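Trainee: I've got a new chain open on my screen and I'd like to learn how to read it. Can we go through it together?

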Amino acid sequence: MNKKWFSARETSDLLAFSEATLRRLRQKGILKPGMHYRRKFAGNINSPIIYDLELCEQALRERDERDARTLELARG
């Protein structure tokens, strides 16, 4: 896949999340502005948000690894 930036719809389809889940991940700080996502046209608040799919996947893997470690510590 040569494309780096994807629309919210494309990203949600590829990650098997809803667009609302992407919004929640942004609000929780899991996906960070300027790194995982940005506006298509900088400075225009009405511009659609686009996502770096590779970095989003990496952030989600890291989040899941942290959650798994936390669960293991809780059981121990």
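Mentor: Sure, and keep in mind that this is a predicted model. Let's start with a pair of charged side chains: K4 forms a salt bridge with D52.

Trainee: How far apart are the closest N and O atoms of K4 and D52?

Mentor: For a salt bridge, a side-chain nitrogen of Lys or Arg has to be within 4 Å of a carboxyl oxygen of Asp or Glu. K4 and D52 pass that test, with their closest N and O atoms apart by 2.6 Å.

Trainee: Which parts of the chain does that pair tie together?

Mentor: D52 sits in strand β3, while K4 lies in the segment before β1. The two residues are 48 apart in sequence, so the salt bridge ties together the segment before β1 and strand β3.

Trainee: Is D52 buried or exposed?

Mentor: Look at the relative accessible area, where buried means under 20%. K4 has 47%, so K4 is partly exposed. D52 has just 2%, so D52 counts as buried.

Trainee: How many salt bridges are there by this rule?

Mentor: Besides K4 with D52, K3 forms one with E10, where the closest N and O atoms are 3.0 Å apart. E19 and R9 also meet in a salt bridge, at 3.9 Å from N to O; that pair links helix α2 (residues 19-27) with helix α1. By this rule the count comes to 4.

Trainee: Is R9 buried or exposed?

Mentor: Its partner E19 is partly exposed, at 38% relative accessible area. Exposed means over 50%. R9 is at 57%, so R9 counts as exposed.

Trainee: Back to β3, then. What is the order of the strands in the sheet?

Mentor: The sheet is open, has 3 strands and shows antiparallel pairing. β1 (5-7) and β2 (37-39) are the edge strands, each pairing on one side only. From one strand to the next, the twist averages 35 degrees. Put together, the order is β1-β3-β2.

Trainee: Which residue in β3 is the bridge partner of S7?

Mentor: β1 and strand β3 (residues 49-52) pair in the antiparallel sense, over 3 bridges. S7 falls within β1 (5-7). In β3, its bridge partner is I50.

Trainee: Which helix lies across β1 and β3?

Mentor: The chain has 3 helices to choose from, in the pattern β-α-α-β-β-α along the sequence. The one you want covers residues 8-15 and runs at about 95 degrees to β1; that's helix α1.

Technical notes. Residues are numbered from 1 along each chain as its sequence is written. This is a predicted model: local features need pLDDT of at least 70, side-chain atom pairs count only at pLDDT 80 or more; totals for chains, interfaces and linings use all residues. Side-chain values use heavy atoms; hydrogens and water are left out. Two strands pair if DSSP finds at least two bridges between them. Helices (H or I, at least four residues) and strands (E, at least two) are DSSP runs, numbered from the N terminus. Axes are lines fitted to C-alpha atoms, for helices over the stretch in contact, and angles run from 0 to 180 degrees between N-to-C directions. Contact means heavy atoms within 4.5 Å. Buried means under 20% relative accessible area, exposed over 50%, partly exposed in between (1.4 Å probe, protein chains only).
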